[in-house]
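Student: I would like to go through this model with you and ask what lies behind the words used for it.

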Amino acid sequence: MSPAGEGDGRPQAPGAVRRIASGALPVLVALVDGLVVNGLTPGLGTWLALVAAGALLLRRRAPEAAVLAGLPGLYLGHIAFAPLIALYCVAVRRGHALVGVAGAAAVAVAWFLPHPAAGLSSLALDRETALLALDCCGVAAGVVVLGRSVRSRQERLRAATERRAWENQVLTERVLATERNRLAREMHDVVAHKVSLISLQAGALQVGRPGDTDVRTTARTIHELSAQTLTELRHLVGVLRTAGDPDAQGAPGTGLAGLTDLVRDSGLAVDLDVSIPPAPLPEPVERAAYRTVQEALTNIRKHAPGARARVRVRCAAGLHVEVHNTAPCRVSARPALPGGGHGLVGLRERAHLLGGDFHAAPAPDGGFTVKAVFPVGWTGPRHSAGASAT
């Protein structure tokens, strides 16, 4: 692997080159100004110009020192660029405006006073002197105003950057919270459904005779259900490790195509009527429809033993899911199943996040009906303040 910047046609370390150029350019400008004004012959003015130009190397860490180093050259050597550049840096880098005002006053006075000082008595209160004073004060004040304007713009840009970073952090946390809620619902659905099936089969195994074919079949079913549950949980844990990844998919077989296997393995008498649209639906919508049917069947096994169920799935102005069961016809003799108490709440939250609707209520015939509608044009989660399954 070749070093960065080799063979790609780009200059190496462009950031470093820009930093060096921006640091050296003001020094070169001040140096040229001093040499043009004072000449190449060594003298006091030339040396003062060199000191003022060299002091600009300190303009970022100690701009006040650069201003003080440039004042003698401004007064004795008639240079201008070095002290003005240093004054600009004071205005940009110092938050207190009085520092810039004091520097501007010092530069204006050094620029205005004649050299030698004995010539001060020759100044007259006339138009020419007034114009000279206005020029000195105007240039110094203008540099300070320019520097303060640049500082204000930098502060606004910094504040906007920090606000954008904060908004991105809040958005990321919200997305992660939504993903955690989704995974919590997935975990609840997987455990509640599959564990209830395992418990149902274990109850049948308890009343069977050792050596019967049915006992062996039931044991094999328990083994298969346990393996399926482990696979789904392992997949969800893998998704949890990539929490916040929008491309993370649900557990395999949790779409409309998996409803047939879900109903077959439910251990219930179910009439399944599914109309799958020709065009594929968004994966979260299909997964939500699957989990709705799964949770409804789990609740039927828990609370309506012996009831018949009807599952209808239609796609017309949205994906409509309806699960209805008749009244229970017998009392369950199998062990009681654990209940989280959040199944229907989680289904409602899932539907609302997708922009859909959910309704669950007792039916007139003594049974129970669960209805959900999901938009087929879903593009992203809708944040909701409702409860979430945990």
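**Pairing in the sheet**

Tutor: Let us begin with one pair: R314 has H320 in strand 3 as its bridge partner. This is a predicted model, in which local features need pLDDT of at least 70 and side-chain atom pairs count only at pLDDT 80 or more, while totals for chains, interfaces and linings use all residues. Residues are numbered from 1 along each chain as its sequence is written, and side-chain values use heavy atoms, with hydrogens and water left out.

Student: How do you know that strand 2 and strand 3 pair?

Tutor: Strands are DSSP runs of E with at least two residues, numbered from the N terminus, and two of them pair if DSSP finds at least two bridges between them. Seven bridges join strand 2 to strand 3, which run antiparallel, so the two strands count as paired.

Student: What makes strand 1 and strand 4 edge strands?

Tutor: The open sheet has five strands in the order 1-2-3-5-4, with mixed pairing. Strand 1 (269-274) and strand 4 (357-362) each have a single partner strand, so one side of each is left without a neighbour in the sheet.

Student: Why is strand 3 called mostly covered?

Tutor: Buried means under 20% relative accessible area, exposed over 50%, and partly exposed in between, with a 1.4 Å probe and protein chains only. Five of the seven residues of strand 3 are buried, so the strand is described as mostly covered.

Student: Which residue in the turn between strand 2 and strand 3 has a positive phi?

Tutor: That residue is A317, with a phi of about 55 degrees, and the hairpin has three residues between its strands.

Terms used: Helices (H or I, at least four residues) and strands (E, at least two) are DSSP runs, numbered from the N terminus.
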